[in-house]
Amino acid sequence: MAPTHRRPREVDTSRHFCPYSDCDYRGWLGLRNLRANGHPSGGPWRQFHCTSCQGYFLETHGTIFHGKQAAVELIVRVLACLAEGLGIRATARVFAVAPHTVLQWLVEAAEQLRAFSAHFLCDLHLEQLQLDELYAVLRDLKAGAISDDEAIRRLERSPYWVWTAMDPTSKLLVVVDVGSRTLAMAQRVVHQVIQVLAPDSVPLFLTDGLKDYGTALLTHCGQWMHPERRQDKSPIPKPRWMPLPGLLYAQVVKSYRRRRIVGVKHQVVFGTGLAIKEVLARCGWTINTAFVEPLNLDIRQRVAAIGRRVNTLCQGEAGLRDQLALFHVYHNFVLPHASLRQPLLVPEVTNGRGAAKVWRPCTPAMAAGLTDHVWSLTEVLFYRVPPWPQTQTV
Ligand SMILES: [Zn+2]
C-alpha cells in the first residue's frame, strides 16, 4: 500500500500488524498499511492507524500490558522473579502485590509466551536431540526416605512429570511439556518435536532408558517397507513399518549410587553405532559423555513448583504448565548460557574500573540461529506475536 502522507516515517511499524478480523491486512507484517498516531489522551502507549480498514489500535494490543493499570516495570519484575525461580507467594510479598494478581499475570504471560515460542521454534534444523523426563514432586526423595527406583515406581502414574527435548549443542529447549510417564505422553512429546523440525531434518535422538520413546520415534519416523519374496512360490510377505533409513536413536542409561554416576550403559536402537559416533564426534563427544543433564538442574532452580514444596497457588498441572511456558522462553531467549559465550575479537571497555569485556553473551536461541541478540524480558513481553508465520521474519 502506498503511503498516504508526505511526512517521512519516524516510528518503526515493522513489528506491528492490524488486529481486525475484517481487514485484508490482518496479521501481516511489513505491508506499510500502518501509521503511528502518537499517544491518545496522553497515555503511555502509542496508537496505530490501519489505512486499509481505518481501524485504530494500541501498540500493546495482544500483549499482557494491554488494558493494564499497573506499571510495566512492576509486571516485568514480577515475572522476572517467577522466571528466576521465586514462588508465587514469595514474589507477591517482595513486590507487595496480591498473590492472585501475580498468578493472573503469570497465566496471561504464559499464554502470550506459548505463542512466542511457537512463532520462533519452527522449521528447525538440528543434529541432535536429547529427550528426558524429570519428576516434579521431590519431597520424599529429598528426605532420603526412599530410593530413586522406588520414587520412580511410585511416581510413574503421577501426572507431574516434566518432559523436555533439548538440542545439546545450542542448548535450545525445543519442547517442554507436563504429563504422566506413559507411552501416550512419549507419543505426544515426540509429535511436538517432529512438528517444530524442518521436514528434511532427522536428528540423532538420545534418551534415557524409557522404552516408550522407541515406540514413539518409530511411529513418527517410520515408513512402510515391502520385503522381497524369498522364493518364487512363497506367499508375498506383508509390508512392514520400519524406521526411516536416516533415523538414529540410542538410549543412554546411567546408574547412580549416592548421587554419583557409577556406570553408563548405552544401547543403539535405530541406526548403527558408527553413524551415531560420527554425529557425536562432531561435537567432540562420545556416547558415554553425551546426555549430560544440566537442564534438569536449571529447571529445578528456576521453576519453583518443581524444585521446592509445591505452592498451593500452583498445585495443579495448569499452574506448572504456565511456569514452564515462562521458563521455556526465559531459557531460550533471555538467559545467556555460559558454555555458549563467544570471545570478542576486540575487548570492550566497560564503565568504571572493571575489567574489559572479552566475551559476547549468547543465548540458546542465538546459538540455534533463531535471533541475533539477547532479549530482555520486557522486549519479549512487548513482542506482538503475529497470528501466523510470516514469509520473511526478522
Ligand atoms: Zn486493518
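The sheet in this predicted model is open and consists of three strands, arranged in the order β1-β2-β3 with antiparallel pairing. Its edges are formed by β1 and β3, each of which pairs on one side only. On average, and ignoring direction, neighbouring strands of this sheet are turned by 30° against each other. As general background, strands of a sheet pair through backbone hydrogen bonds, in either a parallel or an antiparallel manner.

Consider next the contact between β1 and β2. These two strands run antiparallel and are joined by three bridges. Within this region, Leu34 stands opposite Cys50 in β2.

Cys50 brings me to the metal site. Which residues supply the protein donors of the zinc ion? They are Cys18, Cys23, Cys50 and Cys53, each through its SG atom, at 2.2 to 2.4 Å from the ion. The angles among the four donor atoms run from 105 to 114°, and the site is tetrahedral. Along the chain, the donors follow the spacing C-x4-C-x26-C-x2-C. Distant parts of the chain are thereby linked by the pair Cys18 and Cys53, which are 35 residues apart. Cys18 belongs to the segment before β1 (34-36), whereas Cys53 lies in the loop between β2 (47-50) and β3 (56-58).

Finally, I turn to the accessibility of these two ligands. Is Cys18 buried or exposed? Cys18 counts as buried, because its relative accessibility is 1%, and the cut-off for buried is under 20%. Cys53, by contrast, has a relative accessible area of 26% and is therefore partly exposed.

Conventions. Residues numbered from 1 in each chain as written. Predicted model: local features only at pLDDT ≥ 70, side-chain atom pairs only at ≥ 80, totals over all residues. Heavy atoms only, no water. Donors = N, O, S within 2.8 Å, 3.2 Å for Na, K, Ca; no water. Tetrahedral: all angles 85-135°; square planar, octahedral: opposite > 155°, others 65-115°. Helix = DSSP H or I, 4+ residues; strand = E, 2+ residues; numbered from the N terminus. Buried < 20%, exposed > 50% of the residue type's maximum accessible area, 1.4 Å probe, protein only. Pairing = 2+ DSSP bridges. Axes fitted to C-alpha atoms, helices over the stretch in contact; angles between N-to-C directions.
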